[in-house]
Every structure is written in structure tokens, then in C-alpha cells.
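Here is a set of exercises to work through with the structure open beside you. Try each task on your own, then follow the solution step by step.

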Amino acid sequence: MNKDHTANPDRRRRYLVVGLCALGTGIGVARYLAGRPHVPAGHPTPVDFADLPPGKLRTVDWNGRPVWILRRTAEEVAALAERESELIDPDSGHSLQPAACRNRHRSLRPDVFVAIGLCTHQGCTPQLREGLGARSVFLCPCHTSRFDLAGRVVRGGPAPANLVIPEYRLESDGRVVIGEA
């Protein structure tokens, strides 16, 4: 008895449902992968910072966003380890940054910090508030989110994540190229 399986309407319906489910899963996976946040890159912009003294901040425009270049003092770099218990993500495990910046100082070189200067709460621009010694922080004036000098968010404010670090590379001791690794 030769039975034609394509003539069975129940079997055809099952194949159609399985095919549509597989297609829907594929579309869902593609959307998830496309919607995942990526480290900002592109439009390489060189910036000289050789004249920037330790402890000072320079803000430059990159792709319409403020990017900070902070020359941290040795005291400021050492202080990054002191108050990690107060941070939401001290190890930067959930942060948007290049892999080479996944360290305590969140930078390619401990004394040079590069970050997009927009609060992760609502995109306001935090300001550098100098404290006593190495107790300086970035403070968002709108909703009082605080970030340490590695851009790690301090508990107690509304910002949910550390500041974003764009792709960048050090071209020399006093020059950074923002937007490319």
C-alpha cells in the first residue's frame, strides 16, 4: 500500500507550522543579534593631548557626542581600587567598552581615560567635580548619578550602567585616535 504523505492534510499542516516556527525563531535570533549594543566606532578622529596636564579633562566632539580625555594622576589611578564596594559594576562585566579596556582603570593606559561623556541614565552630560585628593567624581547635574574616574557608576543614583568607552587607540604618548582600534 503506497500512501502519498503529501495528500494527508494534517501532515501538511504540521509541516507548515514547524516551518513557520523555524522561520520565526530565525527572525527573532537575527533581530536579537542586530539589536545588541556595539562599542561605538567609526569616523576616526585624532586628538592631541600632550599639552593636557595630569588631573585635567579635555572634551572633544566625536560623531556629535562629547568624548572626554582625562589625564589621571598616579594618585587618582591608585584610588580606583579603594571604593569598589560602592560601585554597581566594578569589574565592568556589563559595560560597553572595547575588550582591551576591561580592567580596573577601563583604559588602554592607566593615566589616560577616554569615554563618551553622556550619562547612561538619560544622556545628560556629567561634570568633573574635583574632590579632596583622589576623591574626584563625574557628577550628572540632572539626576545626581555619580561615576568614578574610570567611568564606573556609583550606587545610589539612577544611572544603570558605567559610561561607554568608544573604540580608540593610542597613536603616540600624546595622541589618541577615537573611533578605531
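## Warm-up: the whole protein

The protein exposes about 10300 Å², and carbon and sulfur atoms supply 55% of that area. Keep in mind that this is a predicted model.

**Exercise 1.** Describe the make-up of the protein: how many helices and strands are there, and in what order do the elements run?

*Solution.*
- Step 1: Count the elements. The secondary structure comes to 2 helices and 9 strands.
- Step 2: Walk along the chain. From the N terminus on, the order is α-β-β-β-α-β-β-β-β-β-β.
- Step 3: Look at burial. Of the 181 residues in the protein, 36% are buried.
- Step 4: Look at contacts. Among contacts with a separation of 6 or more, 56% are between residues 24 or more positions apart.

## The sheet with strands 2, 3 and 4

**Exercise 2.** Work out how the sheet that holds strand 3 is put together: what is the strand order, and which strands are at the edges?

*Solution.*
- Step 1: Find the order. The 3 strands form an open sheet in the order 2-3-4, with antiparallel pairing.
- Step 2: Find the edges. Strand 2 (57–62) and strand 4 (112–116) are the edge strands, as each pairs on one side only.
- Step 3: Check the angle. On average, neighbouring strands of this sheet are turned by 20° against each other, direction ignored.
- Step 4: Follow the pairing of strand 2 with strand 3. These two strands run antiparallel and are joined by 6 bridges; one partnership is that of W62 with R65 in strand 3.
- Step 5: Visit the hairpin of strand 2 and strand 3. There are 2 residues between the strands, and N63 takes a positive phi near 55°.
- Step 6: Follow strand 3 (residues 65–71) to strand 4. Here 5 bridges join the antiparallel strands. V67 has I116 in strand 4 as its bridge partner, while W68 stands opposite A115 in strand 4.
- Step 7: Ask about cover. Strand 3 is mostly covered, with 6 of its 7 residues buried.

## A second sheet

**Exercise 3.** Strands 5, 6 and 7 also form an open sheet. Why does each edge strand have a side without a neighbour in the sheet?

*Solution.*
- Step 1: Read the order, which is 5-6-7, with antiparallel pairing.
- Step 2: Give the reason. Strand 5 (127–129) and strand 7 (146–147) stand at the edges with a single partner strand each, so one side of each is left without a neighbour in the sheet.
- Step 3: Look at one pair. Strand 5 and strand 6 (residues 137–139) run antiparallel and are joined by 3 bridges. One of the partnerships here is L128 with F138 in strand 6.

## The nonpolar core

**Exercise 4.** Describe the largest nonpolar core: how many residues does it have, and which have the most contacts inside it?

*Solution.*
- Step 1: Start with the background. In soluble globular proteins, nonpolar side chains tend to be buried together.
- Step 2: Count. The largest nonpolar core has 31 residues, and those with the most contacts inside it are V67, I69, V114, F138, F147, V176 and I178.
- Step 3: Trace the suppliers. Strand 2, strand 3, strand 4 and strand 9 (175–178) each give at least two residues to this core. Strand 4 gives the most, with 5 residues.
- Step 4: Zoom in on V114. Leaving aside neighbours within four places in sequence, V114 is in contact with V67, W68, I69, I165, P166, Y168 and V176.

## Cysteines

**Exercise 5.** How many disulfides are found, and why do C124 and C140 not form one with their closest cysteine sulfurs?

*Solution.*
- Step 1: Recall the term. A disulfide is a covalent bond between the sulfur atoms of two cysteines.
- Step 2: Search. The whole structure has 0 disulfides.
- Step 3: Recall the cut-off, which asks for sulfur atoms within 2.5 Å.
- Step 4: Apply this to C124. The closest cysteine sulfur is in C142, 3.2 Å away, too far for a bond.
- Step 5: Apply this to C140. The closest cysteine sulfur is in C119, 4.1 Å away, again too far for a bond.
- Step 6: Add burial. C124 counts as buried at 15% relative accessibility, and C140 counts as buried at 1%.

## Positive phi in a loop

**Exercise 6.** Are S92 and R106 buried or exposed?

*Solution.*
- Step 1: Locate S92. This residue lies in the loop between helix 2 (74–79) and strand 4, and its phi is near 55°, a positive value in a residue other than glycine.
- Step 2: Locate R106. This residue is in the loop between helix 2 and strand 4, and has a positive phi of about 50° although it is not a glycine.
- Step 3: Decide. S92 is buried, with a relative accessible area of 0%; R106 is buried, with a relative accessible area of 0%.

How values were computed:
Residues numbered from 1 in each chain as written. Predicted model: local features only at pLDDT ≥ 70, side-chain atom pairs only at ≥ 80, totals over all residues. Heavy atoms only, no water. Pairing = 2+ DSSP bridges. Helix = DSSP H or I, 4+ residues; strand = E, 2+ residues; numbered from the N terminus. Axes fitted to C-alpha atoms, helices over the stretch in contact; angles between N-to-C directions. Buried < 20%, exposed > 50% of the residue type's maximum accessible area, 1.4 Å probe, protein only. Contact = heavy atoms within 4.5 Å. Areas by Shrake-Rupley, 256 points an atom, 1.4 Å probe, with all protein chains shown as cover. Core = buried A, V, L, I, M, F, W, Y, C linked by side-chain atoms within 4.5 Å.
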